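Open the model in your viewer and keep a selection box at hand. Each stop below says what to select and what to look for.

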Amino acid sequence: MYDISRRRFVVGATTATSVFGLGKSIEFMPSAWAQAAAGDRQNPRGLTHYRFNLGDVEITQIFDGEVLTPPNPNFIHNATVDDTKAALRAANLPDDAIPSSYTVTIAKIGGKYVMFDSGNPPSSQPRTGRLLANMKAAGIDKTDISTIVITHFHGDHIFGLYGEGNNQAWPNIEIVMPAAEYDFWTDPSKTAPLPEGRQGLAKRIQATFPTWKNIRRFSGEAEVMPNVKAVSTPGHSFGHTSYLIASGAQQYLVVGDVAHVTQLFVRNPGWHLSFDQDPKEAEATRRKVLDRIIADKMMAGGYHWGMPGCGTLAKDGNSYVFSPRA
Ligand SMILES: [Zn+2]
């Protein structure tokens with residue numbers, strides 16, 4: 001389960017240190033190699049994957065990587081840099097950077113592998129884009145995947161669908177998408193008011209998805225396949241959708257980006273992430289979903305929750321506490 005490529009990262013650390021002479025401050029470097037060398041803060045055990053059974057369904061969490069962002073006033077609308085740093089320290093994380101990690105959930109249902117979101121493209125290695133390599137470590141080949149289910153259309157969730165340029169990386173399998181999200185992003189009149197930083201994403205989607213024949217859209221809270229039901233969770237993105245995987249009495253919610261990095265947004269559910277399309281709706285959805293996870297005794301996993309990236313939640317006053325699976 002441990003990432004064999006960790007050794008390579010250690011070599012990277014030595015190299016980066018000697019080349020740049022940065023010594024201890026190496027982890028502050030924006031360089032991808034330096035970051036990889038320092039290890040992934042949201043994956044302290046260096047896991048490539050993490051597997052468990054949910055009734056008859058086998059769940060495998062695959063680590064795709066992590067990026068570090070220095071705390072800055074633009075990351076969270078209603079929290080200061082000092083608030084952010086204090087929250088990181090309270091979670092026993094260094095306060096020089098917000099660690100945004102990427103974890104892809106793969107569920108084996110009735111012998112078929114269903115993947116939730118697509119990771120970052122392999123070209124973004126070594127920081128991210130480790131999905132395919134880490135799937136291999138988990139004994140899952142790319143050709144084993146039969147369906148990819150998408151939570152929303154932000155780049156870190158869909159760019160793994162692309163191969164060279166705008167070609168498909170997964171042309172022969174079914175890609176399942178929420179119609180609400182699809183209808184928004186493929187309509188230029190709806191995406192025109194988005195900020196400049198989102199225009200490239202919108203154009204890429206509009207140039208590709210309408211031509212891809214292997215996309216299946218569903219409406220509302222449909223049962224998208226046996227054992228998997230969509231849960232409408234708008235706010236972070238217009239048609240953001242979570243997925244409830246159930247087997248017998250056991251339930252697992254693929255949360256997506258309803259709550260970003262747990263140490264910040266589960267602890268502080270009222271904080272507004274700058275990537276939220278509608279921050280107020282995102283907050284209302286977040287509180288509702290986190291409450292439901294607790295009330296229904298579900299296990300939950302978020303895309304930016306590190307490794308193992310899944311666990312249980314408890315209420316703590318007006319806040320929440322996330323306990324990762326051991
Ligand atoms: Zn995301």
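Start at N227. With 20 C-beta neighbours inside 10 Å, N227 counts as buried, since the cut-off for that label is 20 or more. This is a predicted model. Check the backbone too: N227 is not a glycine, yet its phi is positive, about 75 degrees. Its place is the loop between strand 8 and strand 9 (228-232).

**A second asparagine**

Now select N92. Is N92 buried or exposed? N92 is exposed, with 9 other C-beta atoms within 10 Å. The exposed label fits because its cut-off is 12 or fewer. Phi of N92 is near 60 degrees, again a positive value in a residue other than glycine. Zoom out a little: the loop here runs between helix 3 (81-90) and strand 3 (98-109).

**The sheet of strands 8 to 14**

Return to strand 8 and colour onwards to strand 14. These seven strands form an open sheet, ordered 8-9-10-11-12-13-14, with mixed pairing. Strand 8 (223-225) and strand 14 are the edge strands, and each pairs on one side only. On average, neighbouring strands of this sheet are turned by 35 degrees against each other, direction ignored.

Isolate strand 13 and strand 14. They run antiparallel and are joined by six bridges. Which residue is the bridge partner of L313 in strand 14? Pick F322.

**Helix 10**

Add helix 10, residues 279-295. Put a distance between its end C-alpha atoms: 24 Å. At 1.5 Å a residue, its 17 residues should span 24 Å, so the two values agree.

Show side chains for A282, T285, R286, V289, L290 and I293, the buried residues of helix 10. Look down the axis. They cover an arc of only 125 degrees, which puts them on the same side of the helix. K280 and A295 are exposed on the other side.

What do the buried residues of helix 10 pack against? Bring up strand 10 (241-247), strand 11 (250-256), strand 12 (299-302), strand 13 (310-316) and strand 14 (319-324). Helix 10 lies across these five strands, running at about 105 degrees to strand 13. Step off the end of the helix to K297, which follows helix 10 and has a positive phi, near 50 degrees.

**Two cis peptide bonds**

Move on to M307 and P308. The peptide bond from M307 to P308 is cis, with omega near 5 degrees. P308 sits in the loop between strand 12 and strand 13.

Then jump to Q125 and P126. Their peptide bond is also cis, with omega near 5 degrees. P126 belongs to the loop between strand 4 (112-116) and helix 4 (131-137).

**The sheet of strands 1 to 7**

Last stop: select strands 1 through 7. Seven strands form an open sheet in the order 1-2-3-4-5-6-7, with mixed pairing. Where are its edges? They are at strand 1 (49-54) and strand 7 (215-218). Each has a single partner strand, so one side of each is left without a neighbour in the sheet. The average turn between neighbouring strands of this sheet is 25 degrees, direction ignored.

Finish at the edge formed by strand 1. Strand 1 pairs with strand 2 (residues 57-69) in the antiparallel sense, over six bridges. Select Y50, then its bridge partner in strand 2, Q61.

Key. Residues numbered from 1 in each chain as written. Predicted model: local features only at pLDDT ≥ 70, side-chain atom pairs only at ≥ 80, totals over all residues. Pairing = 2+ DSSP bridges. Helix = DSSP H or I, 4+ residues; strand = E, 2+ residues; numbered from the N terminus. Axes fitted to C-alpha atoms, helices over the stretch in contact; angles between N-to-C directions. Expected span 1.5 Å × (residues − 1). Arc of directions from axis to C-beta. Contact = placed C-beta atoms within 7 Å.
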